[in-house]
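Open the model in your viewer and keep the selection box at hand. Each stop below says what to select and what is there.

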Amino acid sequence: KKHQILEKEKKSSAHARFICKMAAVQGGLVDAVEEKNLKSETAADGLTNNSANDGRALSTSPGSSSSSGSSKAAAGPPEDQQTLLAVLQFLRKNKLTESVEILRREAGLPEDSLDGKGLGAVDASSLLSRVTGSASQASTAGAEDQPDVNVVLSAYSQQGDPALYEVYYSGLKKFIETVLDCHRAELSQVFYPLFVHMYLELVYNNHESEAKAFFEKFSGDQECYYVDDLRVLSGLTKKEHMRGNETLLDFRTSKFVLRISRDSYQLLKRHLQERQNNQIWNIIQEHLYIDIFDGMPRSKSQIDAMSGSLAGEAKREANKTKVYYGLLKEPEIELPLDDEDEEAENEEGKPKKKKPKKDSMGSKSKKQDPNAPSQNRIPLPELKDSDKLDKIMYMKEATKRIRLGPDNLPSICFYSFLNAYQGLTAVDFTDDSSQVAGGFADSTVRVWSLTPKKLRKVKSAADLNLIDKESDDVLERIMDEKTASESKILYGHSGPVYGISFSPDRNYLLSSSEDGTIRLWSLQTFTCLVGYKGHNYPVWDTQFSPHGYYFVSGGHDRVARLWATDHYQPLRMFSGHLADITCTRFHPNSNYVATGSSDRTIRLWDVLNGNCVRIFTGHKGPIHALAFSNNGKFLASGATDGRVLLWDIGHGLMVGELKGHTDTIYSLKFSRDSEILASGSMDNTVRLWDATKAFDDLETDDFTAATGHIHLQDNSQELLLGTYMSKSTPVIHLHFTRRNLLLAAGAYNP
């Protein structure tokens with residue numbers, strides 16, 4: 001029995017130590033020895049100084065001094081005593097009297113300290129309730145996948161004097177405005193996240209009038225690209241409003257990332273410690289992730305180029321993973337000579353011109369790219385005979401492809417959808433440019449033939465039995481001429497169709513809709529084959545993989561899903577965005593998927609394991625267009641801010657900014673050899689940019705800078721090769737044909 005009692009006592013003292021630690025962390029107290037260890041750790045970990053990524057890089061809160069190191073804590077500051085008393089009360093409550101006595105004697109506290117007469121007994125009991133409360137909240141948070149609203153918001157309950165919030169904020173503002181210019185730009189990044197969290201703290205603790213005054217006084221100081229977020233914030237004036245608000249929950253559950261040089265960080269830390277400014281210090285510890293780098297502080301323009309997303313910049317280690325951006329080796333297909341070529345062979349001068357072109361096409365695919373993934377990294381469908389024939393057609397077309405450049409711009413053919421009162425919401429062209437499909441707000445999908453060849457259905461089963469299956473033209477015979485027409489309408493969705501994509505072999509068409517489903521349509525029978533259900537909300541975009549079989553979708557539920565046509569459940573779910581996923585794109589090698597979101601970030605996901613391997617920040621509005629260069633090295637993105645940003649995938653850096661559009665960019669497309677980038681916008685223009693020059697001018701020295709700084713040249717005007725206005729048609733899709741003719745599409749706005 002005695003043995004059991006001793007065991008119980010041992011467990012309880014361990015529990016007491018745990019609670020002591022929790023209370024110390026909550027109260028901002030850390031033992032002197034621990035503090036020393038922390039300091040040496042943070043000094044050693046120079047690149048990502050954020051002390052175990054926990055936001056508590058700042059070991060002690062500036063107002064509280066750490067304990068003196070002697071075992072007698074009676075002489076320590078009142079916070080230490082409160083913590084000890086809270087632990088003693090907890091032990092007494094659990095009838096662990098021996099542990100209470102041992103701890104009290106060790107701490108040198110008087111016997112009456114627990115009877116309510118001792119110093120800070122009331123504070124101790126409140127601290128005890130706070131510690132036990134937070135422990136129970138932590139356990140509930142872990143039990144559910146989604147953040148529990150109460151747990152998320154409870155952090156705001158530890159408040160200071162509401163009247164002092166303005167004083168604290170303006171004090172910090174004054175300090176940052178008076179520091180040296182080189183540090184001012186970096187430290188100014190702190191304003192926005194602090195402003196939001198201080199405002200939310202006031203609202204959560206029912207200080208409505210103070211919150212309103214605080215918002216009115218300081219909201220005008222924030223950067224212009226946070227206007228939309230501030231508008232949402234201004235509507236949150238009561239504690240009840242906070243519970244169902246998604247934007248707020250995002251802001252609370254994801255730490256706002258700031259990238260600051262060590263010198264600027266030390267300045268801020270010193271200032272807050274001297275002023276004993278606990279309120280701001282606690283917010284920095286709790287809600288901010290400070291990514292510290294060694295070297296020169298960044299300039300205002302460098303910071304502006306990368307900021308603007310919902311959760312600050314990307315952490316630098318987020319873009320360090322190796323990405324296999326190279327292309328897969330093309331299957332070797334012999335290119336047969338057609339009649340024209342045979343005739344040409346009889347004449348002496350011509351074949352010499354044609355042959356080398358073909359060899360160059362063939363040799364391109366024979367060498368394995370060192371940056372390419374292995375052929376079997378992800379299972380890809382085998383080539384059917386029809387695919388091989390299509391490849392041969394593609395290679396023949398490629399020999400007649402026009403080389404584009406600043407002196408040789410592509411012709412542009414614009415398809416205007418007239419009288420589209422059903423509201424055209426999405427467009428796609430087949431790879432061989434023979435068909436175009438449109439998704440409409442009346443929940444229909446319409447397909448048109450762009451060649452004299454009309455769209456025909458396959459004959460009925462009874463008629464197919466009568467066909468001679470051995471004949472050479474069997475593929476023609478199975479088509480029913482009676483059904484031939486220039487366009488077909490596909491019915492099935494019960495809401496506007498927002499995304500549309502042809503399969504590479506032109507046999508299937510995908511459509512995604514507000515009804516939360518993605519449908520796969522057969523272009524042989526013009527019927528719906530499958531409805532994929534996984535999203536609970538509107539699906540804004542979907543796209544087939546360049547190799548077929550796989551496709552990706554993204555929507556309002558902020559999760560992108562990877563599907564295979566023969567599985568009714570998704571194969572991968574890519575979760576991480578803080579707002580709607582507005583556009584999705586496959587990398588040319590099908591091993592990666594890029595997603596653009598309303599949280600103003602672009603993420604690159606690995607199809608093999610579902611990991612996020614790149615996070616790109618810099619856009620100031622929701623992203624609506626993405627395009628990979630055909631060599632797989634670069635990504636272009638367009639957003640509601642009217643800017644096109646260029647990214648180097650291998651190094652994970654922004655390498656260019658193209659300004660010129662005055663409205664949302666809805667479509668981006670690289671020419672077949674990536675010499676030219678075309679952008680289509682709601683401002684009714686198509687613009688052509690010199691992609692070769694944009695990427696060739698890159699200085700690789702910039703990449704080697706550990707800080708990831710890049711000096712963007714403001715050379716948009718030099719790179720702009722042409723602007724083409726439509727009469728009154730927003731451009732919602734662009735497509736380069738195999739011979740580099742540019743096709744554009746949109747619905748005419750009378």
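What share of the 750 residues in the protein chain is buried? Buried residues make up 50% of them, where buried means under 20% relative accessible area, exposed over 50% and partly exposed in between, using a 1.4 Å probe and protein chains only.

This is a predicted model, in which local features need pLDDT of at least 70 and side-chain atom pairs count only at pLDDT 80 or more, while totals for chains, interfaces and linings use all residues. Residues are numbered from 1 along each chain as its sequence is written, and side-chain values use heavy atoms, with hydrogens and water left out.

**The whole chain**

Show the cartoon. The protein chain has 24 helices and 31 strands; these are DSSP runs numbered from the N terminus, helices being H or I with at least four residues and strands E with at least two. Of the contacts (heavy atoms within 4.5 Å) between residues at least 6 apart in sequence, 63% join residues at least 24 apart.

**Stop one: helix α7**

Select residues 164–178, which form helix α7. How far apart are its end C-alpha atoms? They are 21 Å apart, which agrees with the 21 Å that 15 residues should span at 1.5 Å a residue, because the expected span is 1.5 Å times one less than the number of residues.

Now colour the buried residues of α7: Y165, Y169, S170, L172, K173, F175 and I176. An α-helix has 3.6 residues a turn, so residues three or four places apart point the same way. Add the cover over the buried residues of α7, which includes α8 (181–187), α9 (191–204), α10 (208–218), α14 (262–275) and α15 (278–287).

Centre on L172. Leaving aside neighbours within four places in sequence, L172 is in contact with V190, L194, L268, H271, L272 and I280.

**Stop two: the nonpolar cores**

Stay on L172 and add F195, F214 and L233: these have the most contacts inside the largest nonpolar core, which has 44 residues. Such a core is a set of buried Ala, Val, Leu, Ile, Met, Phe, Trp, Tyr and Cys residues joined through side-chain atoms within 4.5 Å. Helix α9 gives the largest share of this core, 11 residues. A second, separate core has 19 residues, including Y592, A594, V613 and L626. In soluble globular proteins, nonpolar side chains tend to be buried together.

**Stop three: strand β20**

Select residues 601–606, strand β20. Which residues of β20 lie on each side? T601, R603 and W605 are on one side and I602, L604 and D606 on the other, and all are buried. In a regular strand the side chains alternate between the two faces of the sheet.

Add β19 (residues 592–597), which runs antiparallel to β20 and is joined to it by 5 bridges; two strands pair if DSSP finds at least two bridges between them. A594 stands opposite L604. In the hairpin of β19 and β20, with 3 residues between the strands, R600 takes a positive phi near 70°.

Next add β21 (residues 612–617), which pairs with β20 in the antiparallel sense over 5 bridges. T617 in β21 is the bridge partner of T601. Here the hairpin has 5 residues between the strands, and G610 in the turn has a positive phi of about 80°.

**Stop four: an open sheet**

Finally, show β22-β23-β24-β25, an open sheet of 4 strands in that order with antiparallel pairing. The edge strands, β22 (623–628) and β25 (653–659), each pair on one side only. Inspect β23 (residues 634–639) and β24 (residues 643–648), paired over 5 bridges. G638 stands opposite V644 in β24.
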